[in-house]
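Thanks for coming. I have one structure today, and I want to talk about the empty space in it. Here it is.

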Amino acid sequence: MLNILVVDDEKYIRELFKIRLEAYGYTVTVASDGEEALDIFYSKKFDMIIIDIMMPKLNGIEFINQIRKDGYNTPAIIVSARDQLETKKESFLVGVDDYMVKPIEFDELILRMNSLFRRAKIATDKKIVIGDVTLDYETLSITNEKENKKINLTKKEFSILFKLLSYPEKTFTKGQLYDEFWGYDSYGDLEGVKVYISKIRSQIEIFPEIDIATIRGIGYRGIKNEKK
């Protein structure tokens with residue numbers, strides 16, 4: 001059973017989250033401020049954190065910043081009434097995984113939580129499984145043992161594909177991919193991203209379960225074609 005830490009200074013909100021999340025089968029622990037949350041967080045293992053920003057003693061952004069500095073990558077969602085772009089930017093910069101503005105729909109929260117759990121599992125296992133196809137980061141290989149298919153990509157090719165397929169609902173721009181896989185200090189052309197995408201596509205053609213789509217005017221998105 002997955003353990004969730006809910007942090008909010010309003011008692012009604014804490015109780016509401018506890019009731020609703022436990023109805024979905026989660027084990028929920030609550031805290032009323034950031035300092036109390038830190039003590040609780042370091043005392044046991046949590047699978048996710050749902051936290052408000054504006055709280056006494058230690059706010060939500062400070063809390064996330066602290067645990068990230070301490071090496072914890074526990075998925076974290078901020079749920080706050082603050083909807084300013086600068087606040088959202090600050091939150092993501094310290095390591096928040098998602099941000100929702102109050103009031104929220106709990107069904108949407110559950111969908112976002114499930115998405116983060118999938119990403120966390122991918123990051124831990126370093127594998128993506130789509131039908132009979134497995135992408136293994138350790139070996140930089142893509143295999144379908146059932147059909148006796150296997151290819152190996154270069155580290156950069158595999159890393160780009162793995163990134164896109166880890167977030168299939170998200171479109172990445174050429175600039176984002178370039179900054180991550182070539183680096184801010186690299187000297188080159190964004191067209192190099194296009195060349196790499198083309199090379200990856202040509203190599204994964206034997207796996208109809210995966211693909212890379214071009215989103216015109218925006219960038220690229222990973223495609224998972226799981227058989228029903």
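How do the residues of the lining of the largest pocket divide into nonpolar, polar and charged? The split is 14 nonpolar, seven polar and 10 charged. Before going further, please keep in mind that this is a predicted model.

That pocket has a volume of about 1,200 Å³. Its lining is made up of 31 residues, and D97, R119, K163, Y167 and K170 are the closest to its centre. Three helices each supply at least two residues of this lining: α5, α6, which covers 155-166, and α7, which covers 174-181. The largest share comes from α5, with nine residues.

Now the second largest pocket. Its volume is about 310 Å³. Here 15 residues form the lining, and the closest to the centre are R118, R119, I122, I128 and K224. You will recognise R119 from the list of residues closest to the centre of the largest pocket. Two or more lining residues come from each of α5, the strand β6 at 127-130, and α6. Again α5 gives the largest share, this time six residues. By class, the lining of the second largest pocket has five nonpolar, two polar and eight charged residues.

Since α5 has come up for both pockets, a word on the helix itself. α5 runs over residues 106-125, which is 20 residues. From first C-alpha to last it reaches 28 Å, close to the 28 Å expected at 1.5 Å a residue. Which residues of α5 are buried? They are F106, L109, I110, M113, S115, L116, F117 and I122. As a reminder, an α-helix has 3.6 residues a turn, so residues three or four places apart point the same way. I122 is also one of the residues closest to the centre of the second largest pocket. After α5 comes K126, with a positive phi, near 60 degrees.

Last, the enclosed space. How many cavities of 30 Å³ or more are there? The count comes to one, and the volume of the largest cavity is about 40 Å³. Its lining consists of V6, V7, D8, I13, F17, I50, I51, D52, V79 and K102. The elements that contribute two or more of these are β1 (3-7), α1 (11-23) and β3 (48-51). In terms of class, the lining has seven nonpolar residues, no polar ones and three charged ones.

That is what I have. I will take questions now.

Methods. Residues numbered from 1 in each chain as written. Predicted model: local features only at pLDDT ≥ 70, side-chain atom pairs only at ≥ 80, totals over all residues. Heavy atoms only, no water. 1 Å grid on protein atoms, 1.4 Å probe; cavity = no way out; pocket = protein on both sides within 12 Å on 5 of 7 lines; lining within 4 Å. Points joined across faces, edges and corners; volume = space filled by probe spheres on them. Helix = DSSP H or I, 4+ residues; strand = E, 2+ residues; numbered from the N terminus. Nonpolar A, V, L, I, M, F, W, Y, C, P; charged D, E, K, R; others polar. Expected span 1.5 Å × (residues − 1). Buried < 20%, exposed > 50% of the residue type's maximum accessible area, 1.4 Å probe, protein only.
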